[in-house]
Amino acid sequence: MSNNGTWDWLRAPVEVAAPRLLGCNVVRELDGSILRARIVEVEAYDEEDPASHTHRGPTARNAAMFLAAGHAYVYLSYGIHHCLNVVAGEAGHGAGLLIRAVEPLEGEDVMLARRGTPRRQLTNGPGKVCAALGIDLSLTGHDLALPPLQLEREPERPASDIVVTTRIGISKAAETPRRFYLAGYPDVSRK
DNA sequence: GAAAAGATCTTCT
DNA sequence: GAAGATCTTTTCC
């Protein structure tokens, strides 16, 4: 599906853009093969959020999150794991959606070969998603309308299919309900 | 099966 | 110099 280069549907407050991103597909071109995965869990972050990297304004690391909606923001977590975000909101506003989990749709065999882990634990965490899709720091600031990493919009899911809970793995504002996931994947981030 | 600690590095205080 | 939007492996019930 073509987006015509416009990301109007992401240019909204993160809590509005988050449910729209659920169910969309990430398409990754890697070593001549196509990897496609459906986004099933995200977390919302913006400048007003004490837990967000952008809370204290722009820095060299988080500059990508201040770009226009539809760019990628990748950061290195604990020196080991990469995490992928989709920039949302107005340009200059420093907001994004962390992709916590995806469901393999195409090229699953390639992902399994890359990771060497069972299917159930293939993409059920932000670091694993990036490992499976071969995403690293070089993709920070990448335009998601272009290869080798693209975002395909899918019809928005009915609100009844979306569950909102508190976020995971943070210490500040941990009780704020800004984690969104699709019904049917209740344990996607559990071990 | 559950809990704890190790790995490893960028960014900010 | 310390903390962090994490995952894997080890250890101990």
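Mentor: For residue classes, Ala, Val, Leu, Ile, Met, Phe, Trp, Tyr, Cys and Pro count as nonpolar, Asp, Glu, Lys and Arg as charged, and the others, Gly among them, as polar. This is a predicted model, in which local features need pLDDT of at least 70, side-chain atom pairs count only at pLDDT 80 or more, and totals for chains, interfaces and linings use all residues. Side-chain values use heavy atoms, with hydrogens and water left out.

Trainee: Which residues are around DNA strand B?

Mentor: A residue is near a strand if one of its heavy atoms lies within 4 Å of it. Here they are Arg56, Thr59, Arg61, Tyr78, Gly79 and Ile80. Of the atoms of DNA strand B that come within 4 Å of the protein, 71% belong to sugar and phosphate. By class, this surface has two nonpolar, two polar and two charged residues.

Trainee: What lies 2.7 Å from a base oxygen of DNA strand B?

Mentor: A polar contact is a pair of N or O atoms within 3.5 Å; within protein, one must be able to donate a hydrogen and the other to accept it, and residues adjacent in sequence count only if both atoms are side-chain atoms. The base oxygen is paired with a polar backbone atom of Tyr78. The side chain of Arg56 has an N or O atom 2.6 Å from a phosphate oxygen of the strand, and for the side chain of Thr59 the corresponding distance is 2.7 Å.

Trainee: Which backbone oxygen does the side chain of Arg28 reach at 2.9 Å?

Mentor: That of Leu133. A polar atom of the Arg28 side chain also lies 2.7 Å from the backbone oxygen of Gly134.

Terms used. Residues are numbered from 1 along each chain as its sequence is written. Chains are lettered from A and ligands numbered from 1 in the order in which they are written.
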